[in-house]
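Trainee: Could you take me through one part of this structure slowly, at the level of single side chains? I would like to start from one contact and work outward from there.

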Amino acid sequence: MKRLTSFKLGLREGVRLVAVTAVIYAAFIAFATGADTKAEDAKSADTKAADSKAADAKPAKKAGKKKLTGAELYAIHCNRCHAERYATEFTPGQWKTLMTHMRVRANLPAAQAKLILKYLQEDSGN
Amino acid sequence: MKIHSLILGILAAGCVIGFTLTPRAGAVVNDEDFSSLKDLVTKQGRRIDQLEQTHEQDQKTHEQDQQQIQQLKQQLGETHAVATNATQKAEEVARVQSAYPVVSGAMSAMHNFTMVGDAEVQFGKAAGQHGSFVLADFAPIFLFRASDNVLFEAGFDVTLQNGSQPGGGSATHVDLSFAQLDYLFNDYVTVVAGDMVLPLGTYSERAAGWLNKIPDDPFSRDFLPGSGVGVQLRGAIPVGQSGQMVTYSVYGVNGPSSIDTNGIAGNLDLGGNVGDTGNWHANPSGGGRIGWFYPWQAHYDLELGVSGQTGVWDNAGRRSWSAGVLDAALHISPYFEAKGEYIYTMQETDDMGTIHPQGWWVQAGYKLAGLNLEIPRISNVELVSRYDTMHDALGTKTDRATVGFVYYISNTLLFEGDYEFLHSRGPNALPSNAFVLQLSYGL
C-alpha cells in the first residue's frame, strides 16, 4: 500500500512536470514564431538596400532580419559546444562526412547543415 | 758613276749584314715557340680524341633511348587497348546489373572515412591520499559515409585507469561507447539504429573530454543510461530563417534490467536488458527529447529541452523505471555560457517501494578574452565553476562545488584544472575534496 501511494505521488508529480513543461514550451514557441513573423514582415517592408551584398557580408545584429549565411550559421551552431575548428583542418570530403555526423549528433536542420558545409568546403584543406 | 758605286756598296753591305744577322734571330723563335706550339697541338689532339669518344657514347645512349621510347609506345598502345576493352566490358556488366542501387558520388572507401574523437591524460589528488596520474584515455570516433544519406559511426574508449582493480593497481579497458547507423531519410527525419548515445538531456551527447570543461561528470548523470541498443528517429524543424529550431528525438531501446533478476532496489542495471540469447525481460523501454533552440545573434542563444525514458527493469516485468530530464543552456557573447540539467528518476522496487534518485547540476564559464586585456596568455584562459548534487534514494546524499580553469593551448588542445569541494554523507559516501588536472585533445 505504501508502495502504491508512493508510486501515485510520483506519477502525479511527473504529470505535473510534463504539463508545466508543455506550457512553457508552447509559450516559448509562440513567442519565437511571433518574433520571426515580425522579422519577416519588417524585411518585406524594407527597401532593396536591406538585401544588398554589403548587408549580407556583415553579421546582422538581429539574426532574424535576414537569411543567414553559412559563416553565421557556423558561428551560431558549432561554437556553442566546442571551440572553433578551422576549415583548413579537413578536406572537402572529410567535411562532408563530419557535417553528416554533426547533423545527426547536434540535430541540425538539413538546409542549415548544407550552408555550413558549403562554407567550410570553400576554404578547406587539400 | 761614283754615286752608283756608293749605292751598290751600301746595298752590298746591307745584304752582308742581313745575311749575317738573320740566321741568329730565326734560331731563337724556333726553340721556344715551336716547343710550346707542339705541346698545344698535342693537347688539342688529345682533347679531340676525348670529344670523339664522348660523342660516340652519346650516340649509343641516344639509340638506346629511341629503342626504349619505341617499346614504351607499344606498351602504352596495348594498355590503352586493354582499358578500352575493360570499360566496354564494365559498361556491359553495368547494363546487366542495373537493377542494383549504385552508391551515389562513388569515391574510394578511404575518401569517405574520417576519424575524430578525443584523448585525455588526468592527474588527481584527493585529500589525505597521494596524488597520481589516474587516467589515460583515447576515445576515437570512426565515421564512414557510405553515401550522401548513410553514415556509420562508432566510438571507442580505450582507458588505463588507476583504482579500478580490487586491492589497487590499474587496468586497461576497451569499451564501445556507441555504434550506430544513421540514415538521413529526408530533411526532417533521420533514422538511427544500433547502440546509440541516448538523448536524455544533452550532456552525454556533448561530454567528450575536450567539450566538457570540467574533467569529472556530474554525479547525477549516473542515474541515467549513457547509451542504449535500439532504433531512434530524430531531426530538426527550422523556425523562420534566424537559426531558430525545434528538435526532437524518439527512440525504443532494450532498456534497463536487474543484475540479480529480481526487483531489489540496488540491482538496477541501466543498460543491461540483454540476455544470453533474447532479452531478460520482454518489455523494451521508450523515450525521447524535444528541444527548442533560439539564437537572437551569433553567440547569443538559449536552448531548452525536456526528455525522458520509461520501461520495466526486473525480469518479471513488474517493476518500472522512468526518468525525466530538464536541460537548459545559455550563451551571452562568445565569452559566457551557463548550462545545467535537472534529473529525476522513479524506480519501483520489491523492497523499498518506489524510490526517486535525483539530482541536478549547473555550470558556468567565462573566457577572460572578453575583458579585452590584450594579454595573450590571460586571454587563453576560461574560468569555470559547477555545482552539482545528487540523492541516490538509498541514503546517500552528495553535494559538490567545483571551481577551475581551462587554458586553451590551441583550439583543440586544452589544459584543465579544478578543485572540488565535496560534501557527502550516507552509506555510500564519497571521499573528500580533490583536485584534478587534465590535458585534453580533440581529434
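Mentor: Happy to. Let's begin with B:E303, whose side chain is joined to that of B:R206 by a polar contact of 3.1 Å. Please keep in mind throughout that this is a predicted model.

B:E303 sits in strand 11 of chain B. With a relative accessible area of 6%, B:E303 counts as buried, because the cut-off for that is under 20%. Leaving out residues up to four places away in sequence, the neighbours that B:E303 touches in chain B are B:T202, B:R206, B:R289, B:W292, B:F293, B:D327, B:A328 and B:A329. Chain A reaches this spot too, since A:R80 is also touched by B:E303.

One of those neighbours deserves a closer look. B:R289 and B:E303 meet through their side chains in a salt bridge, at 3.6 Å from N to O. B:R289 belongs to strand 10 of chain B and B:E303 to strand 11, so this pair ties together parts that are 14 residues apart in sequence. B:R289 is buried as well, with a relative accessible area of 9%.

Step back a little and the pair turns out to belong to a network: A:R80, B:R206, B:R289, B:E303 and B:D327 are joined by salt bridges that share partners. The network has members from chain A and chain B, which leads us to the contact between the chains.

That contact takes 69 residues from chain B and 56 residues from chain A. Together the two chains bury about 5100 Å² between them, and 60% of this area is on carbon and sulfur atoms. On the chain B side, B:Q241, B:W292 and B:N411 lose the most area to chain A, together 11% of what that side buries. You have already met B:W292, as one of the residues touched by B:E303.

As for charges and polar groups, three salt bridges are found across the interface of chain B and chain A. For a salt bridge between a residue of chain A and one of chain B, look at A:K114 and B:D187, whose side chains meet at 4.0 Å from N to O. There are also 14 residue pairs in polar contact across the interface, with both residues at pLDDT 80 or more. Strand 10 of chain B, the home of B:R289, comes back here: with eight residues, strand 10 (residues 285-297) gives the most to the side of chain B that touches chain A. Sorted by class, that side has 29 nonpolar, 26 polar and 14 charged residues.

Now cross over to chain A. Its 126 residues, of which 36% count as buried, form five helices and zero strands. Helix 3 of chain A has seven of its eight residues buried, so it is largely enclosed by the rest of the structure. The buried ones are A:G70, A:E72, A:L73, A:Y74, A:A75, A:I76 and A:H77. They pack against helix 5 of chain A and against strand 7 (245-253), strand 10 and strand 11 (300-312) of chain B. The two strands that hold B:R289 and B:E303 are therefore also packing partners of this helix.

The helix 5 side of that packing can be followed through A:I116, which touches A:G70, A:L73, A:Y74, A:H77 and A:M99, again not counting residues up to four places away in sequence. A:I116 is also among the residues with the most contacts inside the largest nonpolar core, along with A:W95, A:L98, A:M99, A:L120 and B:L143. This core has 24 residues. Two or more of its residues come from each of helix 3 (70-77), helix 4 (92-105) and helix 5 (110-122) of chain A and strand 2 (132-145) of chain B. Helix 5 of chain A supplies the largest share, four residues. A second, separate core of 19 residues includes A:V104, B:V192, B:F223 and B:W313.

To finish, here is another charged pair to set beside our starting point. Among the 18 salt bridges over all chains is the one between B:D216 and B:R400, with the closest N and O atoms 3.7 Å apart. B:D216 lies in the loop between strand 5 (190-197) and strand 6 (227-238) of chain B, and B:R400 in strand 17 (residues 397-408), 184 residues apart. Both B:D216 and B:R400 are buried.

Key:
Residues numbered from 1 in each chain as written. Chains lettered and ligands numbered in written order. Predicted model: local features only at pLDDT ≥ 70, side-chain atom pairs only at ≥ 80, totals over all residues. Heavy atoms only, no water. Core = buried A, V, L, I, M, F, W, Y, C linked by side-chain atoms within 4.5 Å. Buried < 20%, exposed > 50% of the residue type's maximum accessible area, 1.4 Å probe, protein only. Contact = heavy atoms within 4.5 Å. Buried area = accessible area lost by both parts, 1.4 Å probe. Polar contact = N/O pair within 3.5 Å; in protein donor to acceptor, adjacent residues only side chain to side chain. Nonpolar A, V, L, I, M, F, W, Y, C, P; charged D, E, K, R; others polar.
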